[in-house]
Amino acid sequence: MENAQQYETGPLKQTEANRERKPGQRSKWFGLKVGVIPLPHYIGLASILLLASYFSKLPSDMIGGFAVIIILGMLLGDIGLKVPILKDIGGPAILSIFVPSVLVFLNVFNPSVMDAVTALMKEANFLYFYISCLVAGSILGMNRTVLVKGFVRMFVPLVAGTLASVGMGLLTGMLFGYTPYHTFFYIIVPIIGGGIGEGILPLSIAYSQILGEPSSVYVSQMIPAAIIGNMAAIVCAGLLKRLGEKRPHLSGNGMLIKSGAENDILSAREEEKKIDFALMGGGLLLACCFFILGGLLSQFVGIPGAIIMIIAATIVKYAKLLPAKLEHGAFHMYKFISTSLTWPLMVGLGMLYVPLNDVVNVISPGYVLVCASVVLAMVGSGFFVARWMNMYPVESAIVTGCHSGLGGTGDVAILSASNRMGMMPFAQISTRLGGAATVIAAALLMKMFS
């Protein structure tokens, strides 16, 4: 009996205790995630891809390509969101673009991996698909009141900031030996073009159609400027926040306009609509048709198709030519694509469109100073124009500075650095409309001067 009792209270009790601890340890292990996937599952999925590529069984098509860029994009984007300092200067975009570029330079990827990504990015035109969904969904999904009234209110600061940044950028570029042509089209325009997805990628297509070189040539030349400009804009936002704290009369503490009524109008958000997957399919069709329309009309009007796509989406939104449900479908499709596939797309760009040698050859101290001068002129003009527009100088400078950020990601980073996330509608006007206008103008000017 004693032995039986000892058995029940000794080793048996320890075994039960271990069983109680193991679920907790297992739960903690599965609580670690890479993106949205628990770490053990992520390791398992990555191992499958690693083995498939090692034995040359990775499909050289969309399936293999998506698997590679998503597995890397999740990891690099997640790291970029968590590393101190880096997370505040567009870390996910920086890592997702440049780490794969470095790995390609070091020949880490075997031919099966490169073939799969090439099939997706170039043969299947995933890059153009992404651009179509972003352009159509982001414009059709905007609040029309914000689109109309916001553009009217932001028109003067945006125009003043754009002119100032172009002038200062050209002057600084000439001081460091850059030609006005190169400075404008490959440094200034990428910074104020609205980001990578909405700016640089459509620009690269437009440049390609005008100049005849593959779009990858222009992407690698423009991306460094956009990233450096985004970093400069974030630093400026942090400094403006401190200025507002030291001199309260210059800051509206998140209010852009000194009359609060118009702030309420422009900050109004549409009611969140329930996601309808059938409508998302309609939104996908809209995105594809806008892209096809651009290509169709470009041969008649002489404007690059990517630019026509932006103009067409803006006209359709402004004129209310589509049912609201279809607009919501396009917007939800845009949200899905931008949320799930942005960092993977950056991985694909880094692997195929951003040769490390080209990037290293582009960046120099003078190059960095030219990029910084563009942003400083943009922010400074917003600060000084505010007094004539009944705006608070600090908020006006921050919102105008969003014109030189990395699209929606840049807006979040800039507004986070200044602790003014409530100004997102204004930032979106600055980034989207300012960026779209810049892309259109740059394409037309390049066609004139080439």
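# Reading the labels on a predicted model

Reader: Why is phenylalanine 291 called partly exposed?

Author: Phenylalanine 291 has a relative accessible area of 25%. Buried would need a value under 20% and exposed one over 50%, so this residue falls in between and is called partly exposed. Please keep in mind that the model is predicted.

Reader: What makes serine 101 buried?

Author: The relative accessible area of serine 101 is 2%, which is under 20%, so serine 101 is buried. You can find serine 101 in helix α5, residues 91-105. Apart from neighbours within four places in sequence, serine 101 is in contact with Gly350, Val354, Pro355 and Leu356.

Reader: And why does leucine 81 count as exposed?

Author: Leucine 81 has 51% relative accessibility, and exposed means over 50%, so the label fits. Leucine 81 belongs to helix α4, residues 62-82. Setting aside residues up to four places away in sequence, leucine 81 touches Lys87 and Pro92. Between the C-alpha atoms of leucine 81 and proline 92 there are 6.0 Å, with 11 residues separating the two along the chain.

Reader: How do you know that lysine 82 and aspartate 78 meet in a salt bridge?

Author: Here the side chains come to 2.9 Å, N to O. A salt bridge asks for a side-chain nitrogen of Lys or Arg within 4 Å of a carboxyl oxygen of Asp or Glu, so this pair qualifies. Both residues sit in helix α4, 4 residues apart, which is about one turn of the helix. Lysine 82 is exposed at 52% relative accessibility, whereas aspartate 78 is buried at 15%.

Reader: How many salt bridges are there by this rule?

Author: The count is 2. Glutamate 327 and lysine 317 also have side chains that meet in a salt bridge, at 3.0 Å, N to O. Glutamate 327 is in helix α15 (residues 324-352) and lysine 317 in helix α14 (residues 305-318), so the pair ties together parts 10 residues apart in sequence. Glutamate 327 and lysine 317 are both buried.

Reader: Why is the pair of tyrosine 54 and phenylalanine 55 called edge-to-face?

Author: It helps to know that the structure holds 14 aromatic pairs. In this one the ring centres are 5.0 Å apart and the planes stand at 90°. Centres within 6.5 Å make a pair, and planes over 60 degrees apart count as edge-to-face, so both tests are passed. Tyrosine 54 is exposed, with a relative accessible area of 63%, and phenylalanine 55 is exposed too, with 54%.

Reader: What makes the pair of tyrosine 128 and phenylalanine 291 tilted?

Author: The rings of tyrosine 128 and phenylalanine 291 lie 5.5 Å centre to centre, with 40° between the planes. Stacked would need an angle under 30 degrees and edge-to-face one over 60, so the pair is tilted. Tyrosine 128 lies in helix α7 (residues 126-140) and phenylalanine 291 in helix α13 (residues 277-301), so the pair ties together parts that are 163 residues apart in sequence. Tyrosine 128 is partly exposed at 22% relative accessibility.

Reader: Which residues form one aromatic cluster?

Author: The members of that cluster are Tyr181, Phe184, Phe185, Tyr186, Tyr207 and Tyr218.

Reader: How do you know that helix α9 is mostly covered?

Author: In helix α9, residues 180-192, 10 of the 13 residues are buried. Among them are Phe184, Phe185 and Tyr186. Just after α9, glycine 194 takes a positive phi of about 100°.

Reader: How do you know that arginine 387 lies over the face of tryptophan 388?

Author: Arginine 387 is placed at 5.2 Å from the ring centre of tryptophan 388. The distance limit is 6 Å, so that part of the test is met.

Reader: Which residues form the nonpolar patch on the surface?

Author: Met168, Leu171, Met174, Leu175, Phe176 and Leu369 form the patch, with about 610 Å² of accessible area together. Helix α8 (residues 144-175) gives the patch its largest share, 4 residues. Leucine 175, which lies in helix α8, is exposed with a relative accessible area of 67%.

Reader: What does the whole chain look like in numbers?

Author: The protein chain has 20 helices and 2 strands. Of its 450 residues, 51% are buried. The chain exposes about 21200 Å², and carbon and sulfur atoms supply 65% of that area.

Note on methods: Residues are numbered from 1 along each chain as its sequence is written. This is a predicted model: local features need pLDDT of at least 70, side-chain atom pairs count only at pLDDT 80 or more; totals for chains, interfaces and linings use all residues. Side-chain values use heavy atoms; hydrogens and water are left out. Buried means under 20% relative accessible area, exposed over 50%, partly exposed in between (1.4 Å probe, protein chains only). Contact means heavy atoms within 4.5 Å. Rings of Phe, Tyr and Trp (its six-membered ring) pair if their centres lie within 6.5 Å; planes under 30 degrees apart count as stacked, over 60 as edge-to-face and the rest as tilted. A charge sits over a ring if NZ of Lys or CZ of Arg is within 6 Å of the ring centre and within 35 degrees of the ring normal. Patches are made of residues with over 30% relative accessible area and no salt bridge: like charges are joined within 9 Å, nonpolar side chains (Val, Leu, Ile, Met, Phe, Trp, Tyr) within 5 Å. Accessible areas come from the Shrake-Rupley method with a 1.4 Å probe; for residues, only the protein chains shown count as cover.
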